[in-house]
Amino acid sequence: MKVAVVPGDGIGREVIPAALSVLDAFCLDIEKVSLEIGYGKWERTGNAINDGDLDIIKQCDCVLFGAITTPPDPAYKSVLMRLRKELDLYANIRPFLPLKNVRLPCAKKFDFIIVRENTEGLYSGIEELHENVAYTTRVITRRGSERIAEKACVLANDRKKQITIVHKANVLKSDSFFRDVSSSVAKRKGISYNEMLVDAMAYDLILHPERYDVIVTTNLFGDILSDVAAAIAGGLGLCPSANIGDRYALFEPIHGSAPDIAGKGIANPIAAILSVRMMLEWMGRKEEAGLIVRAVDSVLSQGIVTPDLGGSYSTEDLARAILKRLD
Ligand code: NAI
Ligand code: MG
């Protein structure tokens with residue numbers, strides 16, 4: 001396996017080395033290719049990513065990605081959007097299962113996955129900016145909706161065999177299209193489904209997260225709902241994600257580059273470490289993936305936590321403590 005490693009900016013450069021130290025502990029036959037992509041490169045060269053970087057990434061099997069600071073340039077096009085499109089990483093999979101020993105704002109037990117369409121919707125990139133008006137085209141295709149609904153059904157098949165389709169079909173025609181295509185996929189696959197309007201979903205996810213199992217939705221709604229979910233799951237520093245296509249995959253914490261804490265060595269590396277866990281699962285390395293979760297649980301149970309969880313340990317302390325348990 002060949003993995004492109006993109007730490008990116010801010011805390012990406014702190015949490016990715018921590019996550020790599022955990023990956024290295026397994027001594028697997030994995031070749032790593034480091035790439036400088038992001039704000040730093042944009043400052044130096046005017047481009048956050050170039051075609052050569054993309055060629056190198058396409059020669060790898062998957063990407064381990066930190067986070068990128070958005071440059072203050074109105075013409076800047078998101079690197080992550082470009083990677084998701086060029087590598088056709090159409091399914092953004094975000095599991096929310098609270099870690100043991102993390103104090104949560106809500107007492108309910110829950111275990112759900114947000115399956116977010118990752119290549120179209122309001123992030124289509126089709127935009128017009130005029131002096132007094134701006135347009136963004138929301139693109140929902142049959143193929144895009146079918147394949148994300150199919151991915152949700154595959155996940156549901158190994159779980160409770162039910163999905164929740166989240167949309168705003170009472171207002172948006174593109175969403176009634178998404179709802180209709182997704183529900184016919186569910187019927188065809190023998191998966192039961194219910195529907196929620198996205199605003200009601202944001203509310204209910206906070207009050208009754210235990211009601212949900214596999215949630216499938218469009219790009220922007222999935223982006224927003226997963227930050228809501230991160231809040232009830234203990235914080236952005238704990239939540240990993242996988243961007244999956246048929247050929248490539250990209251694994252990343254769902255948080256950004258956190259400039260407010262960057263450089264202090266206090267970022268929580270668990271989201272990045274659990275992204276490595278998702279990467280190992282994708283590679284078929286279930287045993288190593290399981291060991292990571294147990295090591296993280298054990299560290300948390302001893303109160304070894306970074307300041308976002310009320311502790312005073314550093315990013316490196318956490319990585320060291322997790323490595324010790326893996327030994
Ligand atoms: P953010 O996720 O970077 O930070 C939000 C809040 O959560 C901050 O208070 C931060 O300190 C905290 N936080 C995030 N991750 C943490 C961790 N691992 N440990 C402890 N605390 C953590 O989102 P924000 O501030 O909106 O964006 C910052 C920059 O990152 C922007 O330039 C944004 O465009 C970019 N961004 C990049 C993403 C990516 O590359 N995947 C995703 C989200 C934002
Ligand atoms: Mg987001």
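Q: What makes the crossing of H5 and H6 right-handed rather than left-handed?
A: In this predicted model, the crossing of H5 and H6 is right-handed, and the criterion behind that word is that the near helix is turned clockwise from the far one by less than a right angle.

Q: Why are H5 and H6 called oblique to each other?
A: Helix H5 (residues 142–157) and helix H6 (residues 173–189) pack at an angle of about 45°, with their axes 9 Å apart. Angles under 35 degrees would count as roughly parallel and those from 65 to 115 as roughly perpendicular, and since about 45° belongs to neither range, H5 and H6 are therefore oblique to each other.

Q: Which residues make the contact of H5 with H6, and how do they divide by class?
A: On the side of H5 the contact is made by Arg-142, Ser-145, Glu-146, Ile-148, Ala-149, Glu-150 and Cys-153, while H6 contributes Phe-177, Phe-178, Val-181, Ser-182, Val-185, Ala-186, Arg-188 and Lys-189. By class, the contact of H5 with H6 has 8 nonpolar, 2 polar and 5 charged residues.

Q: Why is H3 called oblique to H4?
A: The axes of helix H3 (residues 51–58) and helix H4 (residues 79–86) come within 12 Å and cross at roughly 45°. With roughly parallel reserved for angles under 35 degrees and roughly perpendicular for 65 to 115, that crossing angle makes H3 oblique to H4. As to handedness, H3 passes H4 in a right-handed crossing. The contact is made by Asp-51, Leu-54, Ile-57 and Lys-58 of H3, together with Arg-82, Leu-83 and Glu-86 of H4, and these residues divide into 3 nonpolar, no polar and 4 charged.

Q: How do you know that the rings of Phe-110 and Phe-112 form a pair, and what makes the pair tilted?
A: Rings pair if their centres lie within 6.5 Å, and the centres of Phe-110 and Phe-112 are 5.6 Å apart. Their planes stand at 35°, whereas stacked rings need planes under 30 degrees apart and edge-to-face rings over 60, so the pair is tilted. By the pairing rule the count comes to 4 aromatic pairs, and ring pairs link Phe-96, Phe-110 and Phe-112 into a cluster. Both Phe-110 and Phe-112 are buried.

Q: Why does Ala-229 count as buried, and what does Ala-229 touch?
A: Ala-229, which is found in helix H8 (residues 219–232), has a relative accessibility of 0%, and because buried means under 20%, Ala-229 counts as buried. Not counting residues up to four places away in sequence, Ala-229 touches Phe-96, Phe-112, Ile-114 and Leu-205. Ala-229 and Pro-209 are 20 residues apart in sequence and 8.5 Å apart in space, C-alpha to C-alpha.

Q: Why is Lys-168 called buried or partly exposed?
A: The place of Lys-168 is in the loop between S8 and H6. Its relative accessibility is 18%, and since the limit for buried is under 20%, Lys-168 counts as buried. Leaving aside neighbours within four places in sequence, Lys-168 is in contact with Asp-175, Leu-197, Val-198, Asp-199 and Phe-221.

Q: What makes Lys-161 partly exposed, and what is its phi?
A: Lys-161 is found in the loop between H5 and strand S8 (162–167). At 40% relative accessibility, Lys-161 falls between the limits of 20% and 50% and so counts as partly exposed. Phi of Lys-161 is near 55°, a positive value in a residue other than glycine. Most residues other than glycine have a negative phi.

Q: Why is Asp-88 called partly exposed, and where does Asp-88 lie?
A: Asp-88 lies in the loop between H4 and strand S4 (91–96). With a relative accessible area of 26%, Asp-88 lies between the 20% and 50% limits, and is therefore partly exposed. Phi of Asp-88 is near 50°, again a positive value in a residue other than glycine.

Q: How do you know whether Ser-275 and Met-279 are buried or exposed?
A: Ser-275 lies in helix H9 (residues 270–282), and Met-279 is found in helix H9 as well. Ser-275 has a relative accessible area of 0% and is buried, and Met-279, with a relative accessible area of 0%, is buried, the limit being under 20%. Leaving aside neighbours within four places in sequence, Ser-275 is in contact with Pro-240, Ser-241, Phe-251, Glu-252 and Pro-253, and Met-279 touches Val-3, Leu-23, Cys-62, Leu-64 and Phe-251.

Note on methods:
Residues are numbered from 1 along each chain as its sequence is written. Chains are lettered from A and ligands numbered from 1 in the order in which they are written. This is a predicted model: local features need pLDDT of at least 70, side-chain atom pairs count only at pLDDT 80 or more; totals for chains, interfaces and linings use all residues. Side-chain values use heavy atoms; hydrogens and water are left out. Axes are lines fitted to C-alpha atoms, for helices over the stretch in contact, and angles run from 0 to 180 degrees between N-to-C directions. Helices (H or I, at least four residues) and strands (E, at least two) are DSSP runs, numbered from the N terminus. Angles under 35 degrees count as roughly parallel, over 145 as roughly antiparallel, 65 to 115 as roughly perpendicular and the rest as oblique. Contact means heavy atoms within 4.5 Å. Ala, Val, Leu, Ile, Met, Phe, Trp, Tyr, Cys and Pro count as nonpolar, Asp, Glu, Lys and Arg as charged, and the others, Gly among them, as polar. Rings of Phe, Tyr and Trp (its six-membered ring) pair if their centres lie within 6.5 Å; planes under 30 degrees apart count as stacked, over 60 as edge-to-face and the rest as tilted. Buried means under 20% relative accessible area, exposed over 50%, partly exposed in between (1.4 Å probe, protein chains only).
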